[in-house]
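Here is a short tour of a structure, written for someone who likes to follow the contacts with the model open alongside. Have a look at it first, and then read on.

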Amino acid sequence: MDGARTWIPPVELAVTASPKVGRSAAAAPRPVVLSLEQDGEAASRVEPVEAVMAAGESAESASATATGRGGVLTGLLLVAILLWVSLTVQDAVLFLRQQWQSHLLLGLFFTLLTLVLSGLLLTLVGREWRRFRRLRTLTVLRQESYRVISQQTFGLGQPLLRRVALLYQEREEMVACLESFYQQSDDYLGDRELLLLFSDQVLSVVDARAYQVVVRHASAAAVMTAISPMAWLDALFFLWRNLWMVREIAEVYGARPGAAGSLVLLRQAIRGMMGAGLTDLLATGVAHSMGDSVAALLMAKTGQGLSNGLFIARIGLQTMQACRPLPFMGEAPGLAQIRKALQRELGNGKSQER
Amino acid sequence: MTDTTPFAPLGMLLASAQKTLTEWLHLAMDQTVRLAVTGLNQSGKTVFITALVHQLLHARQDSGLPFFECVSSNRFAGSRVMMQPDVDVSAFRYDQFIQPLTQQRPSWPTRTDELSEIRLAIRFQPTGLIHRQLSDASTLYLDIIDYPGEWLLDLPMLELSYAEWSAQIFQSCMEEPRRTLSTEWRTLLQSMEMRKADDALLRQASGLYTQFLMRCKLEYGLSLLQPGRFTVPGELKGTPLLTFCPLPDCGEESRGPESVYSIMEERFNAYKERVVYRFYKDHFSRFDRQIVLIDLLKALSKGPENFSDMRVALESILRNFHYGTSGLLSRLLWPKIDKLLFVATKVDHVAANQHHNLERLLNRIVNKPANDAIFQGVEVKTMALSSVTCTRTVVREHDGRRLSFVQGIPKGRNKEILLFPGEIPESLPRAEDWDANRFNFMEFEPPRLIDPEAATLPHIRLDQALQFLLGDKLS
Ligand SMILES: Nc1nc2c(ncn2[C@@H]2O[C@H](COP(=O)(O)OP(=O)(O)OP(=O)(O)O)[C@@H](O)[C@H]2O)c(=O)[nH]1
Ligand SMILES: [Mg+2]
């Protein structure tokens, strides 16, 4: 293998035009250089793409196991739905034929009604599906960024981030930080660095809003549970509150999940919570029972409200992770501030009551 | 708040008392960090510190330091150069170094060979709750110290006797290129009258030895040269402390009190105590954070022998940061250093898509010592950066391949060129792959700023270095 050179020899060329080098000059044509790189030289580097892909996916542990085990269940569900649909169609056809036979007008009326109804149903399902897809794009984006982060690539980050930016560029409050991100992302930055910067400068704004949603719902749930006298009303309210919050969080991150999407997200969040482990749950419990001076002062019912609020908060944080188009690269938002906010809220409520 | 109208004097008194209290607390909370910058000669220490100070003095939210959290989150409240704390240390002349860099036709600062320091005061808004209630802005005093990495090469001498050390040096002179370079000096030693020391002869011997070291450094770019001050003498030039050299083992009879050997041995010991030990005691032990600058590209382009010499030198330098278990050294080297940053400098000599490989290569080289330091609780990071960026990356088609070129003005010319300097390998190439023309890294002229008054110097990853080194102190 002596003759085969594995490296490219150095080259020196003359430049015709000589633009000055400076910060402003370097910052202007930023994405072009980056995206060009990707097909040219990245190809010569051999990297274990599959392995990294797998790693990225396994990081999505909660959802991955969910789909793995849910495969059979989903299949069964599909079969059941198909059966049900075919039965309904058959029923409808029989019914309509009967009507046609009994009277022309009656047949016409019911046929029209059926058509309108099924049209409505189809658009509803279609919308739900589209929204579900949109939710999927968030997951896909996140999986791609896992790959980019772990592989330390060069040149894939800009196109990926442009796709992420599409989700937010219409929001008024995001225009400034997107602008500042583009201005600050120098063309020497590797993909990991770019993603870090984006996470820090752009997504942090979105995170803050999502976090507010979580805090709002958690404290509302805490107060309401503490007030309501009826257990079953509490439970119903609790479920509804969860769904509502999950949906709002997904919207903040740029998806508009329908009912199905919200349910899936909620399921995912609960699974994630279970996945986070009993220890974690216990830890919260212990911390709760030990450090919670406010709750100790309040009545038992308020204590229960607090733990309900914390539960909702945990669901919310899980949902944030499941909806964020990039993974949290520094510290993921935690319960600590929420606990404080909750205690403040409950404390306020208490003092206002008095 | 309290209504002060009826008791105006009392209120004023209270207010002023509160003010002094705040000031006092303020003072108590202000901190000092001593940041030491080292590296072998021409590794880019002076330019690095100059650029760092320049960035800190010009930092604004949009001044191009997005990874330096204190600035990007707008908590930075200005900084300025202060009086330096030590009266017996030369000043780092920021004003003299920045001036040529920001001219219309910029040039690099001159060489330095002394320890020097500069103090900056940085005002910032703390994030902590306690701080925010007490005072609005805190001040961090940042002392930056520049010293030649060659000095750290002397550390192993502390553990050796004169005879042992001499034996080591003669051993290393068995190999090329030291063998040829040291011939003249060794011939002189052979013909020297050893029993009775003669001042002129001593000076001649040590002069030839110094010349040998200088030739190793300048002609072959070797780094592992002891004693370190012989090549970087600073203010000690010409003193008896630097007028000695290793001697071959000679019989008992020629080691009398007046002999060459005993005088040389005496000076060797004095060097150990007055120069090496002093440096560790007066300076090294006071450092809080350390940056080691490494010009990997130069070492890469000079081929395998040079590279491995640099590597050994580097290992020897890095031993300073994982003070072993040996009694004397561990006592000496009980610095407070809690963060250690290894930097591959001048990364703008290669295109942006090569930075990661350069960092990986650096990682491989410092892996072992870095691990040892981590084990002792030091936070370690490696990074590829450029203090002052002189080029930009341009992708061009060449011979049917898309190549990433760097575009800039090479040193000594006045026209820009496009250079593809070769690709950085992820790991060290084997000696037979290390062809003489595999790499062609060039030095560049500093960038011509469009508006030298207003613009900050372009850099690569200086903000990330700042964040690692100072982020926690400015939170
Ligand atoms: N392209 C580029 N060149 C640099 C950079 N930093 C330093 N250099 C080059 O390296 C040379 C040496 O830099 P100095 O900062 O003087 O190095 P030093 O370590 O202080 O050298 P001594 O004082 O001799 O020990 C400069 O003259 C520049 O040519 C950089 O960030 N980019
Ligand atoms: Mg210097």
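Chain B is divided into two domains: domain 1 is built from three segments, 25-147, 283-390 and 453-474, while domain 2 covers 155-279. Keep in mind, as you browse, that this is a predicted model. Taken over C-alpha atoms, the centres of domain 1 of chain B and domain 2 of chain B are 33 Å apart.

How do these two domains of chain B meet? Domain 1 of chain B brings 22 residues into the contact, and domain 2 of chain B brings 18. Together they bury about 1,700 Å², with carbon and sulfur atoms giving 63% of that area. The polar side of the picture includes 7 residue pairs in polar contact between domain 1 of chain B and domain 2 of chain B, counting pairs with both residues at pLDDT 80 or more. There is also 1 salt bridge across this domain interface. If you would like a salt bridge to zoom in on, try Asp309(B) and Arg178(B), whose side chains meet at 2.9 Å, N to O.

Chain A has a two-domain division as well, with domain 1 at 72-134 and domain 2 at 202-348. Here 4 residues from domain 1 of chain A touch 10 residues from domain 2 of chain A. The area buried between domain 1 of chain A and domain 2 of chain A is about 570 Å², and carbon and sulfur atoms account for 48% of it. Which three residues supply the most of what domain 1 of chain A buries against domain 2 of chain A? They are Glu128(A), Arg131(A) and Arg134(A), which provide 79% of that area, more than any other three residues. By class, the side of domain 1 of chain A that touches domain 2 of chain A has 3 charged residues, 1 nonpolar residue and no polar ones. Even so, the count of salt bridges between domain 1 of chain A and domain 2 of chain A is 0. Polar contacts across that interface also number 0 residue pairs, again with both residues at pLDDT 80 or more.

Now to the chains themselves. The contact between them draws 35 residues from chain A and 52 residues from chain B. Chain A and chain B bury about 4,000 Å² between them, 56% of it from carbon and sulfur atoms. Across the interface of chain A and chain B there are 2 salt bridges, along with 7 residue pairs in polar contact at pLDDT 80 or more for both residues. One salt bridge to look up joins Arg413(B) to Glu12(A), where the closest N and O atoms are 3.0 Å apart.

Finally, ligand 1 deserves a visit. Around ligand 1 there are 19 residues, and those that come nearest are Lys45(B), Thr46(B), Val47(B), Thr112(B) and Asp348(B). Sorted by class, this shell holds 9 polar, 6 charged and 4 nonpolar residues. Some polar approaches to ligand 1 are set out here.

| Residue | Protein atom | Ligand 1 atom | Distance |
|---|---|---|---|
| Ser43(B) | backbone N or O | oxygen | 3.3 Å |
| Asp348(B) | polar side-chain atom | nitrogen | 2.9 Å |
| Lys411(B) | side-chain N or O | oxygen | 2.9 Å |

How much of the area that ligand 1 exposes when taken alone does the protein bury? Ligand 1 on its own exposes 640 Å², and the protein buries 97% of that. Asp348(B) is worth a second glance, being among the residues that come nearest to ligand 1 and having a polar side-chain atom 2.9 Å from a nitrogen atom of ligand 1.

Technical notes: Residues numbered from 1 in each chain as written. Chains lettered and ligands numbered in written order. Predicted model: local features only at pLDDT ≥ 70, side-chain atom pairs only at ≥ 80, totals over all residues. Heavy atoms only, no water. Near = heavy atom within 4 Å. Polar contact = N/O pair within 3.5 Å; in protein donor to acceptor, adjacent residues only side chain to side chain. Areas by Shrake-Rupley, 256 points an atom, 1.4 Å probe, with all protein chains shown as cover. Nonpolar A, V, L, I, M, F, W, Y, C, P; charged D, E, K, R; others polar. Domains from an automatic or database assignment. Contact = heavy atoms within 4.5 Å. Buried area = accessible area lost by both parts, 1.4 Å probe. Salt bridge = Lys/Arg side-chain N within 4 Å of Asp/Glu carboxyl O.
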